[in-house]
Amino acid sequence: MYTYEELKGFVDHCSRCELCRTRNHSVMGKGNLHSPILFIAEAPGRNEDRDGVPFTGRSGELFDRLLREIEMKREEIYLTNIVKCNPPGNRDPHPNEQEACIPYLKYETLLLRPKIIVCLGRIAAQRIIRPDYRITREHGVFLERKNTWLTAVYHPSAVLRDETKLPQMQEDFRKIREKLEEVRGEVKVNIDSILTKSNHMVSW
Ligand code: URA
Ligand code: SF4
(Lines give C-alpha, C1' and ligand atoms only; values in the text may rest on other atoms or scores of the structure.)
(Ligands and ions follow the chains in the order given, each with its own letter.)
Protein backbone atom coordinates (compact mmCIF):
# COMPACT_ATOMS: atom_id res chain seq x y z
CA MET A 1 0.00 0.00 0.00
CA TYR A 2 1.12 3.54 -0.73
CA THR A 3 0.70 6.15 1.96
CA TYR A 4 -1.68 9.03 1.50
CA GLU A 5 1.24 11.43 0.92
CA GLU A 6 2.71 9.14 -1.74
CA LEU A 7 -0.67 8.96 -3.47
CA LYS A 8 -0.94 12.75 -3.39
CA GLY A 9 2.52 12.95 -4.95
CA PHE A 10 1.40 10.73 -7.85
CA VAL A 11 -1.68 12.89 -8.40
CA ASP A 12 0.37 16.11 -8.26
CA HIS A 13 2.64 14.86 -11.05
CA CYS A 14 0.16 12.76 -12.99
CA SER A 15 -0.01 12.81 -16.78
CA ARG A 16 -2.36 9.86 -17.33
CA CYS A 17 -4.80 11.98 -19.33
CA GLU A 18 -4.80 15.15 -21.40
CA LEU A 19 -6.19 17.28 -18.55
CA CYS A 20 -2.59 17.47 -17.25
CA ARG A 21 -1.77 19.82 -20.13
CA THR A 22 -4.23 22.53 -19.12
CA ARG A 23 -4.34 22.26 -15.33
CA ASN A 24 -2.56 24.62 -12.96
CA HIS A 25 -2.89 22.31 -9.94
CA SER A 26 -4.07 18.74 -9.58
CA VAL A 27 -6.66 18.54 -6.82
CA MET A 28 -6.24 15.56 -4.54
CA GLY A 29 -9.14 14.88 -2.15
CA LYS A 30 -8.93 16.42 1.30
CA GLY A 31 -10.29 15.82 4.76
CA ASN A 32 -10.25 13.39 7.63
CA LEU A 33 -8.77 10.04 6.67
CA HIS A 34 -10.56 8.41 9.60
CA SER A 35 -13.95 9.70 8.56
CA PRO A 36 -16.74 7.14 8.05
CA ILE A 37 -18.10 9.32 5.27
CA LEU A 38 -16.72 10.00 1.78
CA PHE A 39 -18.17 12.66 -0.53
CA ILE A 40 -17.36 12.32 -4.23
CA ALA A 41 -17.96 15.18 -6.66
CA GLU A 42 -17.17 15.53 -10.31
CA ALA A 43 -14.06 17.52 -11.14
CA PRO A 44 -12.24 20.57 -9.82
CA GLY A 45 -13.51 23.93 -11.07
CA ARG A 46 -11.50 27.06 -11.82
CA ASN A 47 -11.05 28.10 -8.17
CA GLU A 48 -9.92 24.62 -7.21
CA ASP A 49 -7.48 24.56 -10.14
CA ARG A 50 -5.98 27.78 -8.75
CA ASP A 51 -5.91 26.59 -5.11
CA GLY A 52 -5.24 22.86 -5.45
CA VAL A 53 -8.01 22.09 -2.91
CA PRO A 54 -11.53 20.71 -3.57
CA PHE A 55 -14.57 22.99 -3.27
CA THR A 56 -13.03 26.36 -2.49
CA GLY A 57 -15.48 28.35 -4.65
CA ARG A 58 -19.18 29.19 -4.28
CA SER A 59 -20.21 25.53 -4.46
CA GLY A 60 -17.88 24.95 -1.55
CA GLU A 61 -19.54 27.70 0.48
CA LEU A 62 -22.92 26.06 -0.04
CA PHE A 63 -21.48 22.65 0.76
CA ASP A 64 -20.06 23.99 4.05
CA ARG A 65 -23.42 25.55 4.91
CA LEU A 66 -25.22 22.24 4.29
CA LEU A 67 -22.70 20.46 6.49
CA ARG A 68 -23.06 23.11 9.19
CA GLU A 69 -26.84 22.65 9.18
CA ILE A 70 -26.34 19.00 10.13
CA GLU A 71 -23.70 20.01 12.68
CA MET A 72 -20.73 18.77 10.71
CA LYS A 73 -17.53 20.32 9.43
CA ARG A 74 -15.16 19.61 6.53
CA GLU A 75 -12.56 18.40 9.01
CA GLU A 76 -14.89 15.52 9.92
CA ILE A 77 -15.43 14.26 6.39
CA TYR A 78 -13.35 13.38 3.34
CA LEU A 79 -14.12 15.11 0.06
CA THR A 80 -12.79 14.24 -3.37
CA ASN A 81 -13.60 14.20 -7.10
CA ILE A 82 -13.89 11.59 -9.84
CA VAL A 83 -11.20 13.42 -11.85
CA LYS A 84 -8.48 15.38 -10.12
CA CYS A 85 -7.78 18.02 -12.78
CA ASN A 86 -10.00 20.82 -14.05
CA PRO A 87 -11.61 20.14 -17.44
CA PRO A 88 -11.12 23.28 -19.59
CA GLY A 89 -14.12 25.62 -19.49
CA ASN A 90 -15.59 23.48 -16.69
CA ARG A 91 -16.99 20.99 -19.20
CA ASP A 92 -18.01 17.52 -18.00
CA PRO A 93 -15.02 15.18 -17.71
CA HIS A 94 -14.91 12.80 -20.70
CA PRO A 95 -15.35 9.06 -20.05
CA ASN A 96 -11.71 8.36 -21.00
CA GLU A 97 -10.54 11.00 -18.48
CA GLN A 98 -12.72 9.44 -15.78
CA GLU A 99 -11.30 6.04 -16.67
CA ALA A 100 -7.71 7.32 -16.45
CA CYS A 101 -8.28 8.99 -13.07
CA ILE A 102 -10.50 6.46 -11.28
CA PRO A 103 -7.60 4.39 -9.86
CA TYR A 104 -6.75 7.35 -7.61
CA LEU A 105 -10.32 7.41 -6.26
CA LYS A 106 -10.21 3.64 -5.74
CA TYR A 107 -7.02 4.05 -3.77
CA GLU A 108 -8.45 6.90 -1.69
CA THR A 109 -11.44 4.67 -0.91
CA LEU A 110 -9.13 1.81 0.09
CA LEU A 111 -7.22 4.06 2.47
CA LEU A 112 -10.39 5.54 3.94
CA ARG A 113 -12.65 2.46 4.08
CA PRO A 114 -15.78 4.63 4.40
CA LYS A 115 -19.08 3.36 5.79
CA ILE A 116 -21.05 5.90 3.74
CA ILE A 117 -20.35 7.23 0.23
CA VAL A 118 -22.24 10.29 -0.97
CA CYS A 119 -22.05 11.18 -4.66
CA LEU A 120 -22.44 14.89 -5.34
CA GLY A 121 -24.25 15.18 -8.66
CA ARG A 122 -25.09 13.07 -11.68
CA ILE A 123 -21.58 12.49 -13.03
CA ALA A 124 -20.34 10.94 -9.77
CA ALA A 125 -23.59 9.00 -9.24
CA GLN A 126 -23.48 7.51 -12.73
CA ARG A 127 -19.86 6.55 -12.29
CA ILE A 128 -20.16 5.12 -8.76
CA ILE A 129 -23.74 3.87 -8.42
CA ARG A 130 -25.18 3.02 -11.86
CA PRO A 131 -24.55 4.31 -15.40
CA ASP A 132 -28.26 5.13 -15.83
CA TYR A 133 -28.69 6.76 -12.39
CA ARG A 134 -31.39 9.47 -12.45
CA ILE A 135 -30.41 12.12 -9.93
CA THR A 136 -33.74 14.00 -9.98
CA ARG A 137 -35.67 10.83 -9.21
CA GLU A 138 -33.29 8.90 -6.99
CA HIS A 139 -31.41 11.50 -4.90
CA GLY A 140 -31.38 10.85 -1.16
CA VAL A 141 -32.13 7.11 -1.48
CA PHE A 142 -29.60 4.83 0.23
CA LEU A 143 -28.54 1.44 -1.07
CA GLU A 144 -26.08 -1.00 0.46
CA ARG A 145 -23.17 -2.46 -1.46
CA LYS A 146 -20.31 -4.48 0.02
CA ASN A 147 -21.05 -3.29 3.56
CA THR A 148 -21.05 0.35 2.48
CA TRP A 149 -24.04 2.68 2.20
CA LEU A 150 -24.27 4.58 -1.08
CA THR A 151 -26.37 7.57 -1.96
CA ALA A 152 -26.34 10.62 -4.24
CA VAL A 153 -27.51 14.18 -3.77
CA TYR A 154 -27.61 17.13 -6.16
CA HIS A 155 -24.34 18.82 -7.00
CA PRO A 156 -24.11 22.08 -4.99
CA SER A 157 -23.70 24.03 -8.25
CA ALA A 158 -27.08 22.65 -9.45
CA VAL A 159 -28.63 24.09 -6.29
CA LEU A 160 -26.89 27.42 -6.88
CA ARG A 161 -28.40 27.49 -10.39
CA ASP A 162 -31.87 26.53 -9.14
CA GLU A 163 -32.57 27.51 -5.55
CA THR A 164 -35.89 25.63 -5.50
CA LYS A 165 -33.74 22.49 -5.09
CA LEU A 166 -32.35 23.71 -1.75
CA PRO A 167 -35.04 22.23 0.56
CA GLN A 168 -34.62 18.78 -1.04
CA MET A 169 -30.87 19.08 -0.68
CA GLN A 170 -31.27 20.00 3.02
CA GLU A 171 -33.60 17.04 3.51
CA ASP A 172 -31.03 14.73 1.86
CA PHE A 173 -28.32 16.05 4.16
CA ARG A 174 -30.54 15.32 7.17
CA LYS A 175 -30.87 11.74 5.88
CA ILE A 176 -27.09 11.53 5.61
CA ARG A 177 -26.85 12.65 9.23
CA GLU A 178 -29.37 9.96 10.26
CA LYS A 179 -27.43 7.30 8.37
CA LEU A 180 -24.26 8.39 10.11
CA GLU A 181 -25.95 8.04 13.51
CA GLU A 182 -27.22 4.61 12.46
CA VAL A 183 -23.76 3.48 11.38
CA ARG A 184 -22.22 4.82 14.60
CA GLY A 185 -24.99 3.05 16.52
CA GLU A 186 -24.03 -0.24 14.91
CA VAL A 187 -20.46 0.18 16.08
CA LYS A 188 -21.74 0.91 19.59
CA VAL A 189 -23.94 -2.19 19.59
CA ASN A 190 -20.91 -4.30 18.66
CA ILE A 191 -18.82 -2.79 21.44
CA ASP A 192 -21.71 -3.25 23.89
CA SER A 193 -21.97 -6.93 23.04
CA ILE A 194 -18.22 -7.39 23.53
CA LEU A 195 -18.46 -5.65 26.91
CA THR A 196 -21.37 -7.84 27.93
CA LYS A 197 -19.35 -10.93 27.00
CA SER A 198 -16.30 -9.81 28.95
CA ASN A 199 -18.48 -8.93 31.98
CA HIS A 200 -19.82 -12.43 31.73
CA MET A 201 -16.27 -13.78 31.76
CA VAL A 202 -15.37 -11.64 34.75
CA SER A 203 -18.31 -13.05 36.70
CA TRP A 204 -16.99 -16.54 36.09
N1 URA B 1 -17.14 21.16 -8.32
C2 URA B 1 -16.74 19.88 -8.18
O3 URA B 1 -17.38 18.95 -8.68
N4 URA B 1 -15.65 19.64 -7.47
C5 URA B 1 -14.92 20.58 -6.89
O6 URA B 1 -13.93 20.26 -6.25
C7 URA B 1 -15.36 21.91 -7.03
C8 URA B 1 -16.47 22.18 -7.75
FE1 SF4 C 1 -4.00 12.38 -13.99
FE2 SF4 C 1 -6.51 12.43 -13.20
FE3 SF4 C 1 -5.27 14.70 -13.76
FE4 SF4 C 1 -5.94 13.04 -15.72
S5 SF4 C 1 -7.35 14.11 -14.36
S6 SF4 C 1 -3.96 14.06 -15.45
S7 SF4 C 1 -5.66 11.05 -14.73
S8 SF4 C 1 -4.76 13.29 -12.09
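This report describes the pockets, the cavity and the two ligand sites of a predicted model.

**The largest pocket and ligand 1**

The largest pocket holds about 710 Å³ of space, and 30 residues form its lining, with Glu42, Ser59, His155, Ser157 and Arg161 lying nearest the centre. Elements that give two or more residues to this lining are α2 (46–51), α3 (58–69), α5 (122–128) and α7 (156–161); among them, α7 gives the most, with 4 residues. Sorted by class, the lining of the largest pocket comprises 10 nonpolar, 11 polar and 9 charged residues.

Ligand 1 sits in this largest pocket. The residues that surround ligand 1 are Ala41, Glu42, Ala43, Pro44, Gly45, Glu48, Pro54, Phe55, Asn81 and His155, and by class this shell has 5 nonpolar, 3 polar and 2 charged residues. Glu42 and His155 thus appear in the shell around ligand 1 and are also listed among the residues nearest the centre of the largest pocket.

Three polar contacts of ligand 1 are set out below.

| Atom of ligand 1 | Partner in the protein | Distance |
|---|---|---|
| Oxygen | Glutamate 42, polar backbone atom | 3.1 Å |
| Nitrogen | Alanine 43, polar backbone atom | 3.0 Å |
| Oxygen | Histidine 155, N or O atom in the side chain | 2.8 Å |

Taken alone, ligand 1 exposes 230 Å², and the protein buries 92% of that area. In the contacts with glutamate 42 and alanine 43 the partner is a polar backbone atom, whereas histidine 155 contributes an N or O atom of its side chain.

**The cavity and ligand 2**

How many cavities of 30 Å³ or more does the structure hold? The structure has 1 cavity that reaches this size, and the volume of the largest cavity is about 90 Å³. The lining of the largest cavity is made up of 14 residues, of which Cys14, Cys17, Arg23, Cys85 and Cys101 are the closest to its centre. Helix α4 supplies the largest share of this lining, namely 3 residues, and the lining as a whole divides into 10 nonpolar, 1 polar and 3 charged residues.

The largest cavity is the space taken by ligand 2. Around ligand 2 lie Cys14, Arg16, Cys17, Leu19, Cys20, Arg23, Lys84, Cys85, Ala100, Cys101 and Tyr104, a shell that by class has 8 nonpolar, no polar and 3 charged residues. The residues closest to the centre of the cavity, Cys14, Cys17, Arg23, Cys85 and Cys101, are each found in the shell around ligand 2 as well.

**The second largest pocket**

In the second largest pocket there is about 590 Å³ of space. This pocket is lined by 17 residues, and those that lie nearest its centre are Lys106, Thr109, Ile117, Lys146 and Thr148. Helix α4 (95–112), helix α5 and strand β6 (148–153) each supply at least two residues of the lining, with α4 providing the largest share, 5 residues. By class, the lining of the second largest pocket divides into 8 nonpolar, 3 polar and 6 charged residues.

Two helices recur in this account. Helix α4 gives the largest share of the lining both in the second largest pocket and in the largest cavity, while α5 gives two or more residues to the lining of the largest pocket and at least two to that of the second largest pocket.

Terms used:
Residues numbered from 1 in each chain as written. Chains lettered and ligands numbered in written order. Predicted model: local features only at pLDDT ≥ 70, side-chain atom pairs only at ≥ 80, totals over all residues. Heavy atoms only, no water. 1 Å grid on protein atoms, 1.4 Å probe; cavity = no way out; pocket = protein on both sides within 12 Å on 5 of 7 lines; lining within 4 Å. Points joined across faces, edges and corners; volume = space filled by probe spheres on them. Nonpolar A, V, L, I, M, F, W, Y, C, P; charged D, E, K, R; others polar. Near = heavy atom within 4 Å. Sits in = over half its atoms within 2 Å of the grid points. Polar contact = N/O pair within 3.5 Å; in protein donor to acceptor, adjacent residues only side chain to side chain. Areas by Shrake-Rupley, 256 points an atom, 1.4 Å probe, with all protein chains shown as cover.
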